[in-house]
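Thanks for asking me to look this one over. Here are my notes, point by point, with the cut-offs given as each term comes up.

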Amino acid sequence: MESGREQTDGLGELVRVYRGTLPRRPLQVMTVAVICFVVECVVWSKQSADASLVVTLVVTFAVLVVSLAFMVRHTGMRIDLYEEGFRIGRRGGRARVHTWPEIASVGTVHVEVSINFSRSHDYFKTVIVPYTGRRIRVEAKNFFASEPGASLGDVLFRGAARGSAESFITVASQRVGAALGQRHLAELRAGGELVLGPLTFTRAGMTLAPFTETVEWSRIEFVRAAPRHGVDLRVAGLPALVGGRALAPRATKAGYSTEGDLLTVFSLHLRPGTDYIALRTVVEEGGTAAE
């Protein structure tokens with residue numbers, strides 16, 4: 001096993017089970033391969049076979065077999081969500097088991113697929129990064145959720161399915177982000193610092209590059225944060241700190257802008273979602289680091 005623990009000690013109660021479904025993209029590839037294979041067989045039956053047709057048939061059949069094998073293999077995947085962590089692996093095989101504090105980040109990327117310059121479909125790709133071991137990649141739509149103890153028959157014929165693995169991604173992001181925030185706070189209490197782009201957090205508060213004045217925790221309020229936007233903080237007395245009512249991005253050259261007390265740090269965009277949850281924890285509980 002690469003990392004994590006084989007046993008589930010310390011994970012608490014089993015909350016939900018996620019089983020692998022037929023993944024969409026291999027299914028699309030197999031569908032195209034089947035159509036091509038049928039057409040090639042029709043051509044084969046109407047004319048004498050030449051070398052190029054034989055090669056094409058072999059390649060198409062190989063693609064069909066590989067796609068089918070991948071889909072069957074994925075249906076054996078299972079994610080067990082526990083109160084304090086998760087277990088992911090195939091039935092009868094080795095599994096990776098992690099508690100939430102063992103995960104460094106959980107990030108989801110929105111991928112837009114276009115065919116012939118027109119939008120075909122979207123999908124979301126989630127990457128879970130442990131502090132040790134390989135990354136874990138999950139596509140939520142390729143799993144369906146069920147309650148613990150529900151059999152496959154219950155899921156297929158008795159309505160026991162409870163959506164996709166999006167609920168797992170949500171829970172994992174929240175729990176990992178909270179654990180990461182507590183890790184940052186512990187580092188601040190020990191005298192360390194947290195640097196996020198132009199923002200530097202210490203026990204005393206926050207500094208904003210290139211200014212050296214420390215902003216006390218009581219003056220900082222978390223507003224919002226998102227991968228496509230960045231981070232918004234409300235900082236009391238911000239105009240006095242930066243020397244103006246508003247600073248445009250080109251004026252700071254540090255990846256942020258200001259408007260009154262509102263600080264927008266757009267250079268902190270496209271980060272894992274857990275980073276924003278952790279930052280919110282740090283800002284809201286940062287005053288305890290100075291105690």
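**Notes on the model**

1. Let me start with Arg219, which sits in the loop between β13 and β14. Helices and strands here are DSSP runs (H or I over at least four residues for a helix, E over at least two for a strand), numbered from the N terminus. The C-alpha atoms of Arg219 and Gly205 are 8.9 Å apart in space, with their positions 14 residues apart in sequence. Setting aside neighbours within four places in sequence, Arg219 is in contact (heavy atoms within 4.5 Å) with Glu213, Thr214, Arg234, Val235, Ala236 and Gly237.

2. A word on provenance. This is a predicted model, in which local features need pLDDT of at least 70 and side-chain atom pairs count only at pLDDT 80 or more, while totals for chains, interfaces and linings use all residues. Residues are numbered from 1 along each chain as its sequence is written, and side-chain values use heavy atoms, with hydrogens and water left out.

3. Next, the sheet that β13 belongs to. Four strands form an open antiparallel sheet in the order β10-β11-β12-β13; strands count as paired if DSSP finds at least two bridges between them. β10 (194–196) and β13 (215–216) are at the edges with a single partner strand each, so one side of each has no neighbour in the sheet. Inside the sheet, β11 (residues 199–201) and β12 (residues 205–208) run antiparallel and share three bridges, and Phe201 has Met206 of β12 as its bridge partner.

4. Phe201 also takes part in an aromatic pair. Four such pairs turn up in a search of the whole structure. The ring centres of Phe201 and Trp217 are 5.7 Å apart and the planes meet at 10°, so this pair is stacked. The rule used is that rings of Phe, Tyr and Trp (its six-membered ring) pair if their centres lie within 6.5 Å, with planes under 30 degrees apart counted as stacked, over 60 as edge-to-face and the rest as tilted. The pair links distant parts of the chain, with Phe201 in β11 and Trp217 in the loop between β13 and β14, 16 residues apart.

5. The other sheet described here is open too, with five strands in the order β14-β15-β18-β17-β16 and antiparallel pairing. Its edge strands, β14 (220–226) and β16 (246–247), each pair on one side only. Six bridges hold β14 against β15 (residues 230–235) in the antiparallel sense, and Ala226 is matched with Gly230 of β15. Helix α7 packs on this sheet and touches β14 and β15, its direction making about 175° with that of β14 (axes are lines fitted to C-alpha atoms, for helices over the stretch in contact, and angles run from 0 to 180 degrees between N-to-C directions).

6. Further across, β15 and β18 are antiparallel and joined by four bridges, with Arg234 partnered by Leu262 of β18. β17 (residues 257–259) is joined to β18 by three bridges, also antiparallel, and Ser257 stands opposite Thr264.

7. Which backbone details would I check? Most residues other than glycine have a negative phi, and most peptide bonds are trans. Leu270, not a glycine, has a positive phi of about 60° and lies in the loop between β18 (262–265) and α7. The Ala209 to Pro210 peptide bond is cis, with omega near 5°, and Pro210 is in the loop between β12 and β13.

8. Finally, the enclosed space. There is one cavity of 30 Å³ or more; on a 1 Å grid over the protein atoms alone, a cavity is a set of points where a 1.4 Å probe fits but cannot get out, and lining residues have an atom within 4 Å of a point. Grid points are joined across faces, edges and corners, and a volume is the space filled by probe spheres set on the points. The largest cavity contains about 40 Å³ and is lined by Leu196, Val231, Leu268, Arg271, Asp275, Tyr276 and Leu279. Helix α7 (residues 273–285) gives the most to this lining, three residues.

Note on methods. 1 Å grid on protein atoms, 1.4 Å probe; cavity = no way out; pocket = protein on both sides within 12 Å on 5 of 7 lines; lining within 4 Å.
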